[in-house]
Amino acid sequence: MNTITQSGITHFEEDRTYTFELSSGRLLPVRWSCAPLREAQDAVLIDSPARLDVLRRLDDYPYLCRILDTDCLDHARQRKAQVCQWLSEEIYVFGAYKIGLKSVRLAQAAGLMVKGFLDNDRTKQGCSFEGIPVFHPSELRLENAVVLIASGHHSNAIHMQLKEISGIRLVNMSEFLYALNAPHGAGDFRDFVEAPVREPFRYISTFLRMDDEHSRQVFDKLIGMRIHLSTALADSVKSPWGDEYFDAQFVDSLHAMRFVDAGAAAGDTLQRLESYFGPVEQAWLFEPELPAYYEALKQYAARAKVWLFNMGLDEVASRAMYQPDLSYDLTNEIESSIPAGVASYIQGVPLDAVVSGKVGLFKLDIEGMEARALRGAKEIIARDRPVIAVCAYHRADDYWKLIDEVLSIHSDYRVGIRLYADILEDITLYFY
């Protein structure tokens, strides 16, 4: 292989592999290719001179560089052993809401003992969730206690609140899930941590597909959050939660006018979108959960230009059993005569078979079915080139697989990524 130094050639022969020298002296195999990211197994893929310019600066992104080191998971594995020891004692779970409730269920399934919930909301004081009492942290002596911080948007603030308590042992969500080898989204959390290390060229190639500098910074920190089990890294790159799915760098009022919402829940995303951009011209909302669907109907059935479908999106017409453990309404906040755990089927349909009008913004948050739904919308994507805002945290390989899906339909999309939480959730890939 020819070696390309920092001042070396910029002309590549297509599909030929070169050795690229970083400023640190590290050597990387690099191939000029427009192949999908799944092909980036033995070399970093470069598809334009601009990508090479970013690769020259790879040493500026420490966590992307770190996945090239054979010992990069040592910290995570050592922390896992320590956390496993702590979890053998009775624990408190800070966060008496959805993530806290999921965490307690995981803990109990693993045979762990949960003493109680902690929560700063005093209205929850004296309440219980599934038989576990809720305490305000000021009620208890937490010296030497083991506390799992189970919050998506306030993890780092809670850590700051508790860290000065003598002897307290704090466990974040990533540490907890990795220690338990827990399921996460549609996969296994261990895969989220270890996949970038197993496939470094693929993840570096994915990083190079980011088309704005903030996305590159976000991507680098997301890799750090995975391999170091960190939540603190989120603070430097996290975007306001209210901007999720319609970040102003990627979405404008023209896109928002004609909106497809896959995973509409009770219609809360449409409500947020209209508070930003005003009333939509047309919206298509897809929600397979009956209680959430009927809640959305209460809000929007009278609006002729908001169409609601009690369906999920898929590549082809399909039917699947409803899974209550994936429920949007985990804490039973929706008042409905239909039980949240009712046994039922979800009908999946391709978007292309249902929506005929022009689409400006296509949002997907459908529990790991995003890739299939994109394939079921390929005619609309090819025809209208809508902005796509797709969740990228349900599967360990979402970052690169979802890019492959979209670019295989319309190759001229630019790509961005944003993080809206302290944990490895609420991550959105934008195609714009």
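**Notes on two sheets, an aromatic pair and a pocket**

1. An open sheet is built from three strands, ordered β16-β18-β17, with mixed pairing. Its edges are β16 (312-313) and β17 (318-321); each has a single partner strand, so one side of each is left without a neighbour in the sheet. The model is a predicted one.

2. Within this sheet, β17 pairs with strand β18 (residues 345-349) in the antiparallel sense, over four bridges. One residue match can be named: arginine 319 has glutamine 347 in β18 as its bridge partner.

3. A six-stranded sheet is also open and mixed in its pairing, and its strand order is β7-β8-β6-β5-β9-β10. The edge positions belong to β7 (128-129) and β10 (169-171), each of which pairs on one side only.

4. At the β10 edge, the pairing with strand β9 (residues 146-149) is parallel and covers three bridges. Valine 146 has arginine 169 in β10 as its bridge partner.

5. Two helices should be read together with the six-stranded sheet. Helix α4 (residues 98-109) packs on the sheet and touches β5, β6 (114-118), β7, β8 (132-135) and β9. The direction of α4 makes about 175 degrees with that of β6. Helix α3 (residues 74-87) lies across β5 (91-94), β9 and β10, and runs at about 115 degrees to β10. Strands β5 and β9 are thus listed for α3 and also for α4.

6. The count of aromatic pairs comes to 13. One of them joins phenylalanine 207 and phenylalanine 219, with 6.1 Å centre to centre and 45 degrees between the planes, a tilted arrangement. This pair links distant parts of the chain: phenylalanine 207 belongs to helix α8 (residues 200-208) and phenylalanine 219 to helix α9 (residues 213-227), twelve residues apart.

7. The second largest pocket holds about 360 Å³ of space. Its lining consists of 18 residues, and those nearest the centre are Pro36, Arg209, Asp404, Leu407 and Ser408.

8. Which helix gives the largest share of the lining of the second largest pocket? Helix α15 (residues 398-409) does, with six residues. By class, nine lining residues of this pocket are charged, seven are nonpolar and two are polar.

Conventions: Residues numbered from 1 in each chain as written. Predicted model: local features only at pLDDT ≥ 70, side-chain atom pairs only at ≥ 80, totals over all residues. Heavy atoms only, no water. 1 Å grid on protein atoms, 1.4 Å probe; cavity = no way out; pocket = protein on both sides within 12 Å on 5 of 7 lines; lining within 4 Å. Points joined across faces, edges and corners; volume = space filled by probe spheres on them. Nonpolar A, V, L, I, M, F, W, Y, C, P; charged D, E, K, R; others polar. Pairing = 2+ DSSP bridges. Contact = heavy atoms within 4.5 Å. Axes fitted to C-alpha atoms, helices over the stretch in contact; angles between N-to-C directions. Phe/Tyr/Trp six-rings, centres within 6.5 Å; stacked < 30°, edge-to-face > 60°.
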